[in-house]
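Reader: Hello! I would like a close look at a single part of this model, with the cut-offs spelled out as you go. Could you walk me through one strand and what surrounds it?

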Amino acid sequence: MLEPAWREGPDVANWNRPGGKGQPGSKGAKMANLKIGVLLSGSGTNLQAMIDAIRDEGMPVDIVRAVSSRPDAYGIERAQAAGIPVTVMNRAMYEDPEAADEHIVDALKAAGAEYVVMAGYMRKVTPVMLDAFPDRVLNLHPALLPSFVGAHAIDDAYNAGVKVTGVTVHLANEEYDKGPIIAQVPVRIEEGMTLDELEDAIHAVEHVLYPRVIRQIAEGRMSIGPDRRVSID
């Protein structure tokens with residue numbers, strides 16, 4: 001297993017960024033960059049969108065570690081090219097999903113991650129991960145939840161003949177694709193559109209929406225109500 005040296009960082013902050021409170025005693029001070037860990041399994045295009053938003057748009061975020069569930073994922077190369085430390089998993093390590101998540105959590109905590117951002121990560125996270133980062137695990141889904149859950153959401157929406165699908169960013173919980181919804185953007189399925197064209201349209205929206213939501217969280221604009229509804233100020 002490839003395991004580059006960890007970049008040491010502070011422990012997870014003990015303040016609640018979702019509420020926009022900032023660090024204790026820092027009233028009026030500029031909020032520090034949000035530190036995130038990114039989980040991926042494939043080409044890493046959403047990781048690249050985050051890297052680009054940080055570089056080109058000044059998104060106040062530091063990607064402190066990437067984790068790949070597969071040693072052959074191209075997203076590893078994207079991370080390394082951007083100087084992001086990478087932890088690489090493999091199929092054997094996931095034979096015990098909770099042990100795998102313990103390993104990932106240790107790596108993310110050592111890097112100082114405050115949030116976990118799943119970006120094309122094809123593994124279901126366990127309570128080990130969710131308890132370590134309560135309400136701080138984000139997922140991106142290529143459909144308008146609660147419709148078309150699962151790994152084949154784009155195909156399922158296309159084959160169902162719906163006229164509108166889209167992209168959802170939500171908080172992960174123990175139920176697959178059912179955590180509190182943060183943001184959604186619709187994508188129309190135009191007459192004569194092919195499945196490949198729909199996939200391209202979905203991914204184009206993902207690459208804009210995910211960095212936008214992450215920026216809003218970094219700016220302390222997200223809050224979660226008692227009813228578990230998410231609001232962005």
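Author: Happily; what follows is a tour of one strand, its partners, the pocket beside it and a few residues elsewhere.

First, the ground rules. This is a predicted model, in which local features need pLDDT of at least 70 and side-chain atom pairs count only at pLDDT 80 or more, while totals for chains, interfaces and linings use all residues. Residues are numbered from 1 along each chain as its sequence is written, and side-chain values use heavy atoms, with hydrogens and water left out.

The protein chain has six helices and nine strands; helices (H or I, at least four residues) and strands (E, at least two) are DSSP runs, numbered from the N terminus. Of its 233 residues, 46% count as buried, where buried means under 20% relative accessible area, exposed over 50% and partly exposed in between, with a 1.4 Å probe and protein chains only. Among contacts between residues at least 6 apart in sequence, 66% join residues at least 24 apart; a contact means heavy atoms within 4.5 Å.

Now to the strand I have picked, β5, which covers residues 137-141. Five of its five residues are buried, so β5 is largely enclosed by the rest of the structure. In a regular strand the side chains alternate between the two faces of the sheet. In β5, V137, N139 and H141 lie on one side and L138 and L140 on the other, and both faces are covered.

What are the partners of β5? On the one hand there is strand β4 (residues 115-118), which runs parallel to β5 and is joined to it by two bridges. On the other there is strand β6 (residues 164-171), antiparallel to β5 and joined to it by four bridges. Two strands are said to pair if DSSP finds at least two bridges between them. Within these pairings, V116 stands opposite V137, and L140 stands opposite V169 in β6.

The link from β4 to β5 involves helix α4 (residues 127-132): β4, α4 and β5 make a right-handed β-α-β unit. Right-handed here means that, with the strands pointing away from the viewer, the path from the first strand over the helix to the second runs clockwise.

Going one strand further, β4 is also joined by four bridges to strand β1 (residues 34-40), and these two run parallel. V116 appears again here, since G37 in β1 stands opposite V116 in β4. The residues of β4 are buried as well, with Y115 and V117 pointing one way and V116 and M118 the other.

Next comes the pocket. Rolling a probe the size of a water molecule over the atoms shows where empty space is left. The largest pocket holds about 730 Å³ of space. Of the 35 residues that line this pocket, the closest to its centre are G120, Y121, M122, L140 and P142. A pocket is an open set of points on a 1 Å grid over the protein atoms alone, where a 1.4 Å probe fits and protein lies on both sides within 12 Å along at least five of seven lines; lining residues have an atom within 4 Å of a point. Grid points are joined across faces, edges and corners, and the volume is the space filled by probe spheres set on the points.

So L140 of β5 has two roles in this picture: it stands opposite V169, and it is among the lining residues closest to the pocket centre. At least two lining residues come from each of α1 (45-57), β5, α5 (153-160) and α6 (195-218). The lining divides into 13 nonpolar, 14 polar and eight charged residues, with Ala, Val, Leu, Ile, Met, Phe, Trp, Tyr, Cys and Pro taken as nonpolar, Asp, Glu, Lys and Arg as charged, and the others, Gly among them, as polar.

The loop between β5 and α5 has its own details. P146 is in that loop, and a cis peptide bond joins L145 and P146, with omega at about 15 degrees. S147 is found in the loop too and is partly exposed, at 37% relative accessible area. S147 and G166 are 19 residues apart in sequence and 10.0 Å apart in space, C-alpha to C-alpha.

Finally, one stop in α6, where Q216 has its place. Q216 is buried at 13% relative accessible area and touches R221, M222 and I232, not counting residues up to four places away in sequence.
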